[in-house]
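Reader: I'd like a close look at one part of this model, please. Keep it casual, but give me the cut-offs.

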Amino acid sequence: MSKTESYYQWARRKGISRRDFLKFCTLMGAMLGLDAAEFPKIVQALQSKPRLPVIYLNLQECTCCAESFLRSAHPLVSDLIFNMISLDYMEVLQAAAGHQAEAVRLKTMKDHPGAYILVVEGSATLGDGGVYCTIGGVTSTELLKETAKGAAAVIAYGSCATNACIQGAYPNPTQAVPIRSVVKDKPIIDVPGCPPIAEVITGTIVHYLTFGKIPELTNQGRPKAFYQHRVHDNCVRRAFFDAGQFVESFDDAGAKQGWCLYKVGCKGPTTYNACAITEWNDGVSYPIKSGHPCIGCSENNFFDNTPLYTHLAKIPNNAIGKDVDKVGMGVLGVAALGVVAHAGMTAMVKHQEYQHKK
Ligand code: SF4
Ligand code: SF3
Ligand code: F3S
């Protein structure tokens, strides 16, 4: 892609139809929670604006976030980063290596001062002078500081970058720290998740392209459109939670029927992320839908918070008005009578609620 070619021109050249391009713009607008009246601005920006230079650093990490991105099913979601935007430097994907690769990074920084976006995957390391992660002869922390200097904004992509993830778990031998502990004078957008959802980074960049500013953030510095709801709020198993139907072990009858995974450790009620809305792999599934409890991978220090398959938080169940730990086999037995019994019980609970509110 040439430096003056617009995203739309690039898409057309690659054989993407105008219809698909418009669908992508609409998808991004919807995901960003924009009013429909704003959608044409996205179309206008992607049709007319030249490329946005992006430098992608891989610090102390396992590359799961880039993998998530590469696997995103919508062609334009990953292409926006890997092709449409000029991804000038990414150690994992670039053909260049060694001094040649570093020269590309330095050239982008020199040619676009204050205008490029820096995406960082992985944590910085402070232990023993940062020697546990060195790239191109310097510590990853030095590389981060140097590259962030001329960036317009920094996207901390993935839980390693936002809260040090598994490397930062006790006893944190490398003294891994989040990006915002090292870069303090730039707008930082935290996109947590291990790995994070690909659409979040694409949406964030589309927003920046369209409006010239970063999207609205939560009080934890995350794009609000994607992190304002708990996984629990939109969960596919939520009706079972409300009805008091819980999986007690992974091989029980409830597990086979897709009941709520709260008792086997689901952290969905305390985890803010968009998994239940966007889902993964082009909306195929997400952990809970596939039978695994949410481990809270987008919450700070989730490895240290609780054992993964034990729930410690006491989440009240407003629908059945009980502590769910006290909802035992009695309720489960009733529910196991089948869908008809389930529907009846839910209706009864709703009726009781209604009576209570009157
Ligand atoms: Fe879904 Fe977990 Fe909430 Fe159950 S506890 S409804 S499985 S998010
Ligand atoms: Fe990190 Fe948790 Fe993989 Fe994505 S986010 S590199 S571990
Ligand atoms: Fe992570 Fe929970 Fe989503 S484990 S991927 S935040 S469902």
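Which residues have the most contacts inside the largest nonpolar core?

Author: Quick ground rules before the core. This is a predicted model, where local features need pLDDT of at least 70, side-chain atom pairs count only at pLDDT 80 or more, and totals for chains, interfaces and linings use all residues. Residues are numbered from 1 along each chain as its sequence is written, chains are lettered from A and ligands numbered from 1 in the order in which they are written, and side-chain values use heavy atoms, with hydrogens and water left out.

Now your core. The residues with the most contacts inside it are Leu 46, Ile 117, Val 119, Ile 155, Tyr 157, Tyr 286 and Ile 288, and it has 63 residues in total. A nonpolar core here is a set of buried Ala, Val, Leu, Ile, Met, Phe, Trp, Tyr and Cys residues joined through side-chain atoms within 4.5 Å. Buried means under 20% relative accessible area, exposed over 50%, and partly exposed in between (1.4 Å probe, protein chains only). Helix 9 (residues 198-211) gives the most to this core, with 7 residues. Helices (H or I, at least four residues) and strands (E, at least two) are DSSP runs, numbered from the N terminus. There's also a second, separate core of 24 residues, with Leu 59, Tyr 89, Val 120 and Ala 161 among them.

Let's zoom in on Ile 288. Setting aside neighbours within four places in sequence, Ile 288 is in contact (heavy atoms within 4.5 Å) with Val 231, Cys 235, Arg 237, Leu 261, Cys 266, Pro 293 and Cys 294. Cys 294 turns up again at the largest pocket: along with Cys 275, Pro 287, Ile 295 and Cys 297, Cys 294 lies nearest the pocket's centre, out of 17 lining residues.

A charged residue to compare is Glu 299, in the loop between helix 13 (275-278) and helix 14 (302-305). Glu 299 counts as buried because its relative accessibility is 14%. Not counting residues up to four places away in sequence, Glu 299 touches Asn 163, Arg 222, Thr 270, Thr 271 and Tyr 272.

Zooming out, the chain has 16 helices and 11 strands. Of its 358 residues, 54% count as buried. Among contacts between residues at least 6 apart in sequence, 75% join residues at least 24 apart.

Note on methods
1 Å grid on protein atoms, 1.4 Å probe; cavity = no way out; pocket = protein on both sides within 12 Å on 5 of 7 lines; lining within 4 Å.
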